[in-house]
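Biologist: Got a minute to walk me through this one? I have the sequence and the fold open.
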Amino acid sequence: MSMQTILWKISNKAAQDKSHRFTGLYSLLNEHTLLWCFEQLNKNAASGVDGVSYSDYKENLEENVKALTDRLRRKGYKARFVKRKRIPKSGNKERILGIPQIEDKMLQYGASKILEAIYEQDFMFYSYGYRPRHNAGDALDYLRTSIQKGNYGWIVDTDIKGFFDNISHDWVVRMLSERVNDKAFIRLIQKWMKAGILEEDGQVIHPNTGCPQGGVISPVISNIYLHYALDLWFDRRVKSQCRGECLMVRYADDCVYAFRYKEDALYFYQSLKDRLKKFSLELSEEKTKMLRFTRFQTVKGEAFTFLGFEFRWEIGKSGYPMVTTKTSRKKLYEGINKFRDWIKKNRHMKISLLMKIICSKYRGYWNYYCRRGNFRSVEIYFYHTKRILLKWLNRRSQRKSYNWKGFYQLLKWFGVPKPCIIAKPEQMKLDLT
């Protein structure tokens, strides 16, 4: 039986019986499954602490997988150290990623698909992060349309401080036990969460909390954690306590809540801190705020940001108030600066390869930020990045290579895409039920 068929049967059972606890999941991680998992991995991903890449492991794939399944069968498998990688962020901050070795990636991929098949039947429709057929664009469309059509006057914009580093291992086990009755499978997940972390300076840290961001299984674990910690609590407790309409949209640990009445927003804001504390979490004070957000304040009204977009009430071309979504100023400048840093470091590349990568960068940016009402922001990005590109192309040698006419011919020759706003039918007919 193929892995896809097994996952389909698991998801059907999970949907039919919401209280069913699954057994025999550990045995699904067999040789056939792991070979399938290996094919799904990113072939160009960074290697773990052992330095073994995808291509290295593939040279003796069947023997390696057979040895791995043998260790699993006799309970001799041990999770290897996770290599820590620090990526600079804006504001002199860092994003900390954990890179498992190739065998851990394979097993985590298989386990994550099994958990995904189970919990996709339980997750709330307003949870969008790290889920199949859900993306950031869907979350942005749902939030904008819901506020536009609803009767909301207050927004609570939240962010959880160091979420991935503070996930409680004990709570993860208790949450998984709600749907999984397989101790070997849960112990396997515990091994990954408790695996030592190898710092860049060679120091090894043995964590008591957290789930390394960057691990294959981390996204589904984080969704399960917040499903029980926040989503169910909001749906069953908060909504029943609110006098008016209320709304929640979550993308990973980035959440926005909308309320009709101020007292409901205050009640929630005060209760949220206690709720998170119960699960060893806390709010990031600098990124969390409560604000007035209403169609009756379109001039100098307050705004909030979600997934890189600034939400604000403004008067539209029709003369009526509407919620606009524009690239946040921080993300706009950050994107321009990243483009400048990249072209400065890579201007020596062969021009055909350089332009191919630049086309890919533009397409990725347009796919995310080219949204209705945001054309001015993407035009600004395109204008500044073109000037930066021309500047550094002319610094590939001591002689000036391009004037503006030649530069535009170069862009046309390599098919550099221009920003274009396209309203998708599925965005226009969003289901709010």
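Modeller: Sure. One cut-off to start with: a residue is buried when its relative accessible area is under 20%. Bear in mind that this is a predicted model.

Biologist: Fine. Take Cys246, then. Is Cys246 buried or exposed?

Modeller: Cys246 counts as buried, because its relative accessibility is 13%.

Biologist: And how many disulfides does the whole structure have?

Modeller: Zero turn up in a search of the whole structure. Cys246 is in none; its nearest cysteine sulfur belongs to Cys242, 4.2 Å away. A disulfide needs the two sulfur atoms within 2.5 Å.

Biologist: Why is Cys420 not bonded to Cys370?

Modeller: Too far. The closest cysteine sulfur to that of Cys420 is in Cys370, and the gap is 7.1 Å. Cys420 is partly exposed, at 47% relative accessibility.

Biologist: Switch to the sheet. What is the strand order?

Modeller: S6-S7-S3-S8, an open sheet of four strands with antiparallel pairing. S6 (246–251) and S8 (289–292) are the edge strands. Each has a single partner, so one side of each lacks a neighbour in the sheet. On average, neighbouring strands are turned by 15° against each other, ignoring direction.

Biologist: How many bridges join S6 to S7?

Modeller: Six, and the two strands run antiparallel. S7 spans residues 254–259. Val249 stands opposite Val256 in S7.

Biologist: Which helices pack on the sheet?

Modeller: H10 (residues 218–241) does, touching S6 and S7. The direction of H10 makes about 175° with that of S6. H11 (residues 262–278) packs there too, touching S3 (154–159), S7 and S8. The direction of H11 makes about 15° with that of S3.

Biologist: Now aromatics. How many pairs?

Modeller: 38 aromatic pairs in the structure. One of them is Tyr128 with Tyr142, which is tilted: 6.1 Å centre to centre, with 40° between the planes.

Biologist: Where do Tyr128 and Tyr142 lie?

Modeller: Tyr128 is in the loop between H5 (102–119) and H6 (136–149), while Tyr142 is in H6. The pair therefore ties together parts 14 residues apart in sequence. Both tyrosines are buried.

Biologist: Give me a stacked one.

Modeller: Tyr362 and Trp366 are stacked, 5.4 Å centre to centre and 15° between the planes. Both lie in H13 (residues 351–369), four residues apart, about one turn of the helix. Tyr362 is buried at 1% relative accessibility. Trp366 is buried as well, at 6%.

Biologist: Which residues do ring pairs link into a cluster?

Modeller: Phe125, Tyr126, Tyr128, Tyr142, Trp233, Phe234, Tyr257, Phe259 and Phe268.

Biologist: What about arginines over rings?

Modeller: Arg174 has its charged end over the ring of Trp171, 4.1 Å from the centre. Arg243 lies over the face of Tyr261, 3.9 Å from the ring centre.

Biologist: Last one: Phe414. Where does Phe414 lie?

Modeller: In the loop between H15 (404–413) and H16 (425–428). Phe414 has a relative accessible area of 25%, so it is partly exposed.

Biologist: Which residues is Phe414 in contact with, leaving aside neighbours within four places in sequence?

Modeller: Ile351, Ser352, Met355 and Cys359.

Biologist: And what separates the C-alpha atoms of Phe414 and Thr145?

Modeller: 38 Å, with the two residues 269 apart along the chain.

Conventions: Residues numbered from 1 in each chain as written. Predicted model: local features only at pLDDT ≥ 70, side-chain atom pairs only at ≥ 80, totals over all residues. Heavy atoms only, no water. Pairing = 2+ DSSP bridges. Axes fitted to C-alpha atoms, helices over the stretch in contact; angles between N-to-C directions. Contact = heavy atoms within 4.5 Å. Phe/Tyr/Trp six-rings, centres within 6.5 Å; stacked < 30°, edge-to-face > 60°. Buried < 20%, exposed > 50% of the residue type's maximum accessible area, 1.4 Å probe, protein only. Lys NZ or Arg CZ within 6 Å of the ring centre and 35° of its normal.
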